Amino acid sequence: MRKVGIVGIGHVGVTVAHIIVSQGLADELVLIDHNTAKLASEELDLRDSASLLDKHIFIHAGNYNDLADAEVVISALGHIDLITEGGDRFEELRANAPEARQVGADLQHVGFHGVLLVISNPVDVITGIYQKATGLPHNQVIGTGTYLDTARLKRSLADILHLDPRSINGYVLGEHGDSQFAAWSTVNVLGENIDTLAQHYDLNLTQIEQAARIGGFTVFSGKGYTNFAIAHAAVSLLELILSDAHRESIVSHFNIELGSYISSPAVIGREGIVAEFNLPLRDDEKEKLLASAKAIQQKTQHLI
């Protein structure tokens, strides 16, 4: 049975829940939030919507005991209200870090042994906190990382080239934050590398990369939060886990050499990270990845 839990039923958490319900991606969906009134309302709204769908799903508000046998738990807890206009995801750390430690301890206490998928920001740091708090193996605790940033890069480039973003291959690596970077050596479109395309179409790669970097804050500036794209990113990764896809994808996972949770491609399956591989990068890109890991560590050391 496909059992999934979501901790944090705010803008993102409830959108994740809605996608799971509308697409019938789980058999049982457990919702947890400290705001019991909102939790009850969201549960009822989702159950009413499920009654109109073709696929059956058991939706209920629960507690951590209900997550002991969950295949996947998604952390969507957060304090988006702490982020200022044009701010930094690290502004959420002081509030999210203690909550993640408590949730992680609660999951450990009930014996949760599935995969923990983290959306909560700053996602690279919070994912690391969760791994320590739960005691789960590194491969079973992963974050959305630059999965969405990579999608934003593809969308920005596709807009210029008048293509479907899925025609574009490549990655944004590093921190889900200011030090992320487009690994242009990995990017190709319709069989052509980005250098050839940039010359042919007079592309401003710096501008395209920046559009991906600030995409979340562009959305945030207009509506005060983000939810649709990050929720779909999380659900997309959830599907890879539940189906044991063994598919290459980019997530925040623990990099032994860099000593940090940071985004690079890996193979995703039922156990989370089921295989890793060395992504060929140019020397300057290797330096940027190292610099990004150091940036995460520097911004973290005085805050947690």
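**Nonpolar cores and a three-stranded sheet**

In this predicted model, the largest nonpolar core brings together 79 residues, and the members that touch the most others are Ile6, Val16, Ile20, Leu29, Leu31, Leu67 and Tyr130. Helix H9, spanning residues 228-242, supplies the largest share of this core, with 10 residues. Apart from this core lies another one, made up of 17 residues, including Leu153, Leu205, Ile208 and Ala212. As general background, nonpolar side chains in soluble globular proteins tend to be buried together.

Leu67 is a handy place to start looking around the largest core, being one of the residues that touch the most other members. Leaving aside residues up to four places away in sequence, Leu67 is in contact with Gly5, Val7, Val30, Ile32, Val73, Leu107 and Phe112.

Attention now turns to a sheet. Three strands, in the order E7-E8-E9, form an open sheet with antiparallel pairing. Strands E7 and E9 are its edges, each pairing on one side only. Strand E8, residues 181-189, is mostly covered, with 7 of its 9 residues buried.

The pairing can be followed strand by strand. Strand E7, which covers residues 168-173, is joined to E8 by 5 bridges in the antiparallel sense. Along this pair, Asn169 has Asn188 of E8 as its bridge partner, while Val172 stands opposite Ala182 in E8. On the E9 side, E8 runs antiparallel to residues 192-193, and the two strands share 2 bridges. Here Val189 faces Glu192 of E9. The hairpin of E8 and E9 has 2 residues between the strands, and within this hairpin Leu190 adopts a positive phi near 50°. In general, the side chains of a regular strand alternate between the two faces of the sheet.

Two helices complete this part of the picture. Helix H5, formed by residues 147-161, lies across E7 and E8 and runs at about 135° to E7. Helix H10, residues 283-300, also packs on the sheet, where it touches E7 and E8, and its direction makes about 140° with that of E8. For a reader tracing the model, E8 thus offers a useful guide: E8 pairs with E7, E8 pairs with E9, and both H5 and H10 can be found by starting from this strand.

Notes
Residues numbered from 1 in each chain as written. Predicted model: local features only at pLDDT ≥ 70, side-chain atom pairs only at ≥ 80, totals over all residues. Heavy atoms only, no water. Core = buried A, V, L, I, M, F, W, Y, C linked by side-chain atoms within 4.5 Å. Buried < 20%, exposed > 50% of the residue type's maximum accessible area, 1.4 Å probe, protein only. Helix = DSSP H or I, 4+ residues; strand = E, 2+ residues; numbered from the N terminus. Contact = heavy atoms within 4.5 Å. Pairing = 2+ DSSP bridges. Axes fitted to C-alpha atoms, helices over the stretch in contact; angles between N-to-C directions.
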